[in-house]
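Visitor: Could you take me on a close look at one part of this model, the place where the two chains meet? I'd like the cut-offs along the way.

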Amino acid sequence: MARTGFKMRTLHFSHAILGGMLLWVSIPAHAALQVFACEPEWAALIDELAADKASVYRATTAQQDVHRIQARPSLIAQVRKADLVICSGAELEVGWLPLLLRRAANPKVQPGKMGYFMAAEQVERLDVHATVDRSMGDVHAAGNPHVHLDPYRMMTIAQSLAKRLATIDPSNADFYHDQQQQFATRWQAAIKKWEQLALPLQGKTAVVHHKDWRYLLNWLGITTVASLEPKPGLPPNANHLARLNQQMKTAPAAMILRASYQAARPSQWLANKSGIPAIVLPYTVGGSDGAQDLFSLYDDTLQHLLNAIGASDLK
Amino acid sequence: MTLIPTTHASNEMNPAISMILQGQYAGYEQSPDGYELPGFMLGGEAGLNSEGFGLGHGELVMSSNIDDRFFGKLTLAIADHDGATEIELEEAFIETTGLSYGLTVKAGRFFSDIGYLNNQHTHAWDFIDAPLIYRGLFGNQLIDDGLQLRWLAPTDFYIQLGAEFGRGERFPSGGASNDGKGTQLLFAEFGGDVGDSHSWQLGLSHWSAEVVGRQSDAHAHGGATETPSFTGDSDISVIDIVWKWAPQGNYSQRHLTLQFEYFQREEIGDVELIGSNPLETTTYDGKQDGGYAQVVYQFMPRWQAGLRYDQIEADNRGSDDAILGEAGLDNEGHTPKRTSIMLEHNHSEFSLVRLQFNKDESYENSDDQVYLQYVMSLGAHGAHRF
């Protein structure tokens, strides 16, 4: 939850005082594009594409469950000032984003406006349901919204976002275009490297805490055999875990995955019972010491996965 | 319920529809018919739920963006009163969705932004019953028809200033005085975060009304039915504070909410007993104040426990103490108090079962109360308000 990329120009002393006062009243709209990022991964993507042209407010951290955020005063104040609100969309923030938008009364970022950018809605999503019933748990009719761990979808989103940035801030249109080109080149090279590294992961199986890993595992060719949550959004319970333990006896998975914001106990319990390694993945930027930007998020995630199967191969 | 796949949360082509189903079992030591708050003229929904099994009011809510400028919401409350099913228009308002300069205009019938709890629906409360001060002053909640203007400051620190202008026909105003512009509210809200784990909000509000003929519960008196009625000026000042804590701001495991509100009301005017013969009247100079403090703790996923303490007090004067007494405005030397504890289980975000105990000393006969309640939401996903 920090502001980045804001650079204060050198000012004369008298202007500095006035500037300081203005700064308090409103972090200047003229200095940089004001971006409100619902999740750290989108803040990181803005950092890649806009660098110091944007000042990003991170609404959540990797330690928070974004399904459960409240529309608290500080967030309302930040949306009020935003030129761009970037979120996952596809109903991930359904409990708080619509309320923030209404309370903030900011015409630039209302649904349908240029300042409203829903990343997951720029790409095709997996698990779009023709019918949804709440007895299925907290399933999103619009499909799984956790798209940021698929590098190909990320590249598409980066393209759309660069175009959007150029529309909102035309004076820097060329800059955003160049940044996106450079990002795409580096990202494609990274994908090659990652896919090479990830070869040993292909065909492995995993138990997941929640369906956060849908796109990552789909990309890496890892099969999800079970979830610790009995239904999406419902916390793991003893009966369900006991059943999973039985299932692991007949068909053991290679690893148990959870995000840094999820409770440790269910996956540790199953790991102790079954001997399958339980690993914590960063999930998003800031979710581990290693995951400091989008590139290192993927590096670190792969490292953890490879360590896990290395560990299980030794057994 | 079947939803058509959409990329938008609440189905933009159609209104988001949700329903609330509520019911409870209530057990009392004292008869709920004898309930009173000495020194307060009760009206609106004040009073206890009927004893035994009962249905809380159901709600049907529809809301949608109307176009790129307006949002609209309608809430129907459906409840049984004395065997007849009544549908009440609880909320029906429109609101601008981005006027610029941080301004919002809301018009129609809505819960006033006075205090913290007032603009929350009963199903969003942490306890089954309203705090005593809400029961005593508003008959549970202040709802009015009118206009609200809000301005959100362009600062990192949350500052919101607002005003409401209301018709003032419903309890506790009455009479729709001043040509149907009987009430005003001014309010200010401040809030922010302290690190990742703490968030807070402070509210100040002041409500004033020109009251014409506010009636409270009738009572039989020597064969005649007499209904107390107040005409005069009413002023309420409020301070409310909410502090929330969740480790690293992650609400899914554990979180704690501290909440405190304090209200002070001053009224001056006349009270008469409609139905008395000859008509009995008295001057009335009323002072009522009080509030509540509560703490609610989610100690593990799906489980919350809460503790609440209420205390209110009335100090009313008038030219005829006997008539004040008959109007319920004599405090009878009693300070109403109540202590409540509750435990609730949320199977999912959409269902809740709650057990609550009250040690209720609203009036001279102390009452032990037990409630077992369910609250279920169907349909559109509710908002996570702070």
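Guide: Sure, starting with area: chain A and chain B bury about 4700 Å² between them, 53% of it on carbon and sulfur atoms; buried area here is the accessible area (1.4 Å probe) that two parts lose on being put together, summed over both. Bear in mind that this is a predicted model, where local features need pLDDT of at least 70, side-chain atom pairs count only at pLDDT 80 or more, and totals for chains, interfaces and linings use all residues. Side-chain values use heavy atoms, with hydrogens and water left out, residues are numbered from 1 along each chain as its sequence is written, and chains are lettered from A and ligands numbered from 1 in the order in which they are written.

In residue terms, 54 from chain A are in contact with 61 from chain B (heavy atoms within 4.5 Å). The rule finds four salt bridges across this interface, each a side-chain nitrogen of Lys or Arg within 4 Å of a carboxyl oxygen of Asp or Glu. B:Glu189 forms a salt bridge with A:Arg103, and the closest N and O atoms are 3.6 Å apart.

So which elements of chain A give two or more residues to the side that touches chain B? They are α1 (13–25), α3 (73–81) and α4 (97–104), helices being DSSP runs (H or I, at least four residues) numbered from the N terminus. The largest share, seven residues, comes from α3(A). By class, that side of chain A divides into 27 nonpolar, 13 polar and 14 charged residues; Ala, Val, Leu, Ile, Met, Phe, Trp, Tyr, Cys and Pro count as nonpolar, Asp, Glu, Lys and Arg as charged, and the others, Gly among them, as polar.
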